[in-house]
Each structure stands twice: as structure tokens, then as C-alpha cells.
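Biologist: Could you walk me through the contacts in this model, one question at a time?

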Amino acid sequence: MTNSSHMLNFSTPRGFFTTFKSDCKETFFPDDPFHKLEGEKPLLKAKRTIQYFIPLFEWLPKYNLRLLGYDLLAGITITSLAIPQGISYAKLAEIPPIIGLYSSFIPPLVYAIFGSSKHIAVGTVAACSLLIAETIGAKVSPKDDPTLYLHLVFTATFFTGIFQSALGFLRLGILVDFLSHSTITGFMGGTAIIICLQQLKGIFGLKHFTARTDVVSVLHAVFSHRNEWKWQSAVVGVLFLCFLQFTRYLKQRKPKLFWVSAMSPMVVVVIGCLFSFFADAEKHGIAIVGELKKGLNPPSIQYLNFDSRYLPATVRAGLVTGLVALAEGIAIGRSFAIMKNEQTDGNKEMIAFGFMNIVGSFTSCYLTTGPFSKTAVNFNAGCRTAMSNVIMGFCMMLTLLFLAPLFSYTPLVALSAIIMSAMLGLINYEEMIHLFKVDKFDFVICMAAFLGVSFISMDVGLVLSVGIGLLRALLYVARPATCKLGKLPNSSLYRDTEQYPGSTTTQGILVLQLGSPVYFANSTYIRERILRYIKEEQGVSDSKSDVIEHVLLDLSGVSSIDMTGIETFVELRRILEAKGIRLAIVNPRIEVLEKMTLAKFTDVIGKESFFLCIEDAVENCQFTVNRKKATPESSDEQNLA
């Protein structure tokens, strides 16, 4: 038998509420945020709880003038980017440009209170702007009824905030994980393509254009209205685009000159305004933004529209853009936090994004999140806390109060050039090639999003990519990994014989490892795969050396099992017994062993068939095999005597 002093622990199964509480805690509170508060005094516990839910109270008491110096520079820098981006992306969403400026005033202040990231710079994003225009524009035309369209945009932003806040409070950040890296790469690349193509309207100065966003429709609209092309607008647009791309190239070659690239959109806007004013650009076919009124955000809560005729469109726009904005904002926040060996809380970020969109919908703002370009500038400018967002909000307030009318001369072609320059950086073809080399299925998921967004629509491309990703996950569940184990020479380790060809197997003993939960969806496959392993091991000959007498199942990688899985093991034992083969279980985890105990499977198979490690199980099986061999020999000797 075995010489091991450690035996498998057949403890009494835990109660239902104990296991349910443990599962819920691991699902919704994997970070266990309140564990460190145990044993603290009530006053200190209340203080820490407030600091957890409102991070402002955690970093503000420690704030000093040294940190303010860094945040002041970063805040002013991102303001110079926020003004042209705000106007540009508002144009992309088919709403008044002033709304883009409003959206960089109130939301950053709200995020500074509830956000946990030090580096995120709040602002509007191109992908969500276009997605809003596509979804709501299909219901109400922004040209035929701009007032109703704008009110529906505010309503969609409100639903976005409610959705994001609910996910954060319910600790459902797991839903964002369904937007994989491959999906986001393809989605952003496809979005960048269609946004760039849509800017051809501004580059060529077209007056008539399609409301659709797919590549074919946009290109058809561009070339079918060649009579509207204006060479003056195209020349100015190409010059602006070349300048912006040059500054991006300069930043890549010399990272210390990041501020040149950050300031370049503002430079384009200023030069464009001067050019439009002094050259009277409108007379030469170059359209400008138009009137921008002074003043802070007016209230818009009274404009929220919950009419049943438009509710499906606003809810759909709110949910889809909310999910995309969360995935982008959280991923970007985590990426920059990792660079500083810091952490961000995904659920707190959801709450912060949700609150700033709810408040934004009440104050004439549309959807905001943490855009990559602005956050990268904020990080490179040396921000230390979320105070950089407060400074940006303050600078934007001054702009709205005193400088907004000056930007009314901004040429639309300049905004198109700014958007195109920003979008070209989102087409990560190198990552797509990397996905193709490493994982073809991930590449398919990426291409589904990229081609779906480019040639059908943004929401269809996103759903298609997520659907293929879920299909892949289901295939992993339905066809779990199994392998045959062998012993490595001069050790007690058992490893996959395919990965380690030098490993050896024990005659008459088949050791198999299951690497996933055993559920109704995969139990039949697991049973058939185990029987196939036995058939392959025994071979086609009838020689005694090929006979399998023991099958050991290593369940250390099986995290859970349901009743169908247990019944499958009962049926498998019955089949193996008919073949003269014994079944043994090795190292089941506590959840699996508890269910096997409650289902009486341990009594059916016998507790002596459970082992703590493979080495113990193999020694026990060898002892049994040797005893069987010795018994016939002794009986033969007695017969001869």
C-alpha cells in the first residue's frame, strides 16, 4: 500500500448558505474590499468606507502644491486637446458643437470625485459619437428635427449612466470581460475606417451625404457627388492632415516632444479660425462651425424624452455605447495604472462613469468616458491625481464663458482633418498580424468585428464578434482539455505525455487528467474520451501487456461538477467494471468532493478509491496488481504439491 502520511480529507460537506455566500463573494467581490476593515473601530471603519466609495476623500487630504504643479501642467495640456476634440466629435455625433465643449466641463468634475484612476482624462470619444448618430439617426433625422434628435441624445446618455452605475453597484464588471482584446482591436479598427471615410464629406466640402455608416454606402456617396467636390477645401484639409501626422511622427521618434502632438489639434483650430476670418473662407466653399454662444451648460433634465415611440432607440443606444465606453475606459485606465505599478477598481470606475453620464445628461452633455488619446497626453504630461480633470474643467469653464465665440470660425475641414488623424492611430494592424500568428481563432474574432463594423454596421459587427467569442467559450466548455499523464524520469511528477515524450507510463495503469468543470454540456464527451483513451492504450492486439486494470482520474483541475457529471462517473464506473477495470479518483477539490459525498458517489465507488496524489494512487494500484499476480502463482504451486 502507500507510505504517505497524508490522506484525502472527507470532511462533512458545508451547508448550502455557506457555499452560496462563498460563491457570491467570489463572483461579486473577488477583491474583498472590506476585508481590511475587520477589527477596526466604528469611526475609522465609516471613514474608510466613505473613502472607498468616494476616492476624492482619500487623495485630497494628502494633496500638496508639488502635486498641483504636475496636475496644472497636465490639465492645461489636455484642455488644448479637449477643445478641438469636443467640437469635432460633436460634429461626428450630428449635434451642435457647443455640446462637445459642455461635455468637457461637468463630467470631468464628477469623475474627479468618484473615479479611482489617477491618469484617465475624461472626454468624448469618436466611436461612441458615431454609434449614437447611427442608432438614433435611424429613428429621427438630425437634419429634419435637430431639437428632438438632441433630446434623444441626452436621453440615451441618461440610460448609459443608469446602465453603467447599475453594473458598478451590482458588481457586474464581469460583463465587460465579454468584450475581449480581439473584439476591441477589431471594433476600434473598423470604427476608425468608417470614421475616416466619413470625414471625406468635410475634406471635399460635400453638402449631400449618406446617413449610413458602412464603407460601400459612404464611398458611393462620395463618388456619386463628384460635382460638389471643392478643390480649395481638399487642399486645406490635406495640408492640415499632413501637419497633424507629422507631429504624431515626431512624438513617436522623440517621446519627450509629446506636447507638440498634443497641442497640434489646437494649433490647427487656431490657424483655421484665422484663415477663415481673414480669407473669408466661406465664399470659397469652405464651411465653418457657425455660431457658438457664451455661457455655461444649461440644464437639460427637462428635455429627457421617454416617449414609447423613441424609447427602444434610446435604450439601445444607451446600452451599446455604455458597454463600449466602459470597455475602453476601464481598459485604458488599467493599462496606464500598470505602468506605474498601481491598480484601478473596475467596479468603482463603472460607478464613476455612470454618475458623470447621468449628471451630464442633466446638464446638456452627451456620452463621455476615458478616451485613449487624451488619457495618453494626460499621462505623458505628468499628471499625479484626478485633479488634472478638475483643472481641465476649470479651463473649459473659462473657455465657455469668454472664448467660445472665437471658435465659431473653425473650418469644418480642419475638424475632419483632426478626426482623421486621431482615427488613423486606432487601426492597430500590427496587433492584428500578431493575433493571426499566435491564435487564428482570436484573429477570426477580431476580423468579425473589423469587417462587420466596416461593411454592415457598428452594433452588428460588435454583436457578431462577441457571439463568435461566446461560441469559442462554449466549445471550450463542451470539449474540455483531457490528457494522459506519465511519470518524469527521476522524479515523482506526472505530466502530459504529449508535452513530455520522455515521461513513462506504468503497465496496467492509465492516468488521465481532466482540466475543466464537468457539466451536463461536456459529460458525455468526457465519458467517451476516457473510453477512447482505454481503447487506444489497449491497442488492437490481445496481448496481456496491453490490458488496462486501473484508470486514475486526476480531478485537481476540475473546479466544479453537477449531477449529470456525477451520474456520468457512476455510469463510467459501471462500464469499466464490466471490462474488469477499477476506477479511482485523485485529488478532487473541495466543491467536487462535497457534491460527490452528498450524492453518495463516495459510497458507491468506495472511499478507498480516492487518493490525495497520483503517486499514492499508482503505488496502491501496483500493490493490487502484484498481489493478483502472486495469488495465481501460489495456487499453482499448491496444486503441484
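What follows is a short exchange about side-chain pairs, one helix residue and a sheet.

Modeller: Happy to! This is a predicted model, where local features need pLDDT of at least 70, side-chain atom pairs count only at pLDDT 80 or more, and totals for chains, interfaces and linings use all residues. Residues are numbered from 1 along each chain as its sequence is written, and side-chain values use heavy atoms, with hydrogens and water left out.

Biologist: Lovely. Which residues are joined with R472 into one network of salt bridges?

Modeller: A salt bridge here is a side-chain nitrogen of Lys or Arg within 4 Å of a carboxyl oxygen of Asp or Glu. R472 forms one with D439, with the closest N and O atoms 2.5 Å apart, and another with D442, at 2.8 Å. Salt bridges that share partners therefore join R472 into one network with D439 and D442.

Biologist: And is R472 buried or exposed?

Modeller: Buried means under 20% relative accessible area and exposed over 50%, with partly exposed in between (1.4 Å probe, protein chains only). D439 is partly exposed at 22%, while D442 counts as buried at 18%. R472 has a relative accessible area of 12%, so the answer is buried.

Biologist: How many residues apart in sequence are the parts that K487 and E615 tie together?

Modeller: The closest N and O atoms of this salt bridge are 3.6 Å apart. Helices (H or I, at least four residues) and strands (E, at least two) are DSSP runs, numbered from the N terminus. K487 lies in strand β1 (residues 482-487) and E615 in helix α26 (residues 614-640), so the parts are 128 residues apart.

Biologist: Now for rings: why is the pair of F436 and F443 edge-to-face?

Modeller: Rings of Phe, Tyr and Trp (its six-membered ring) pair if their centres lie within 6.5 Å; planes under 30 degrees apart count as stacked, over 60 as edge-to-face and the rest as tilted. The centres of F436 and F443 are 5.1 Å apart. Their pair is edge-to-face because the planes stand at 70°.

Biologist: Which residue has its charged end over the ring of F436?

Modeller: A charge sits over a ring if NZ of Lys or CZ of Arg is within 6 Å of the ring centre and within 35 degrees of the ring normal. F436 itself is partly exposed, with a relative accessible area of 41%. The charged end 4.8 Å from its ring centre belongs to K440.

Biologist: Which residue makes a side-chain polar contact with T183?

Modeller: T183 sits in helix α9 (residues 181-198) and is buried at 2%. Contact means heavy atoms within 4.5 Å, and leaving out residues up to four places away in sequence, T183 touches I445, A449, L462, S465 and V466. A polar contact is a pair of N or O atoms within 3.5 Å; within protein, one must be able to donate a hydrogen and the other to accept it, and residues adjacent in sequence count only if both atoms are side-chain atoms. At 2.9 Å, the partner is S465.

Biologist: Last one: which strands stand at the edges of the open sheet?

Modeller: Two strands pair if DSSP finds at least two bridges between them. The mixed sheet has 6 strands in the order β2-β1-β3-β4-β5-β6, and within it 5 bridges join the parallel strands β3 and β4. Each edge strand has a single partner, so one side is left without a neighbour in the sheet: these are β2 (494-496) and β6 (610-611).
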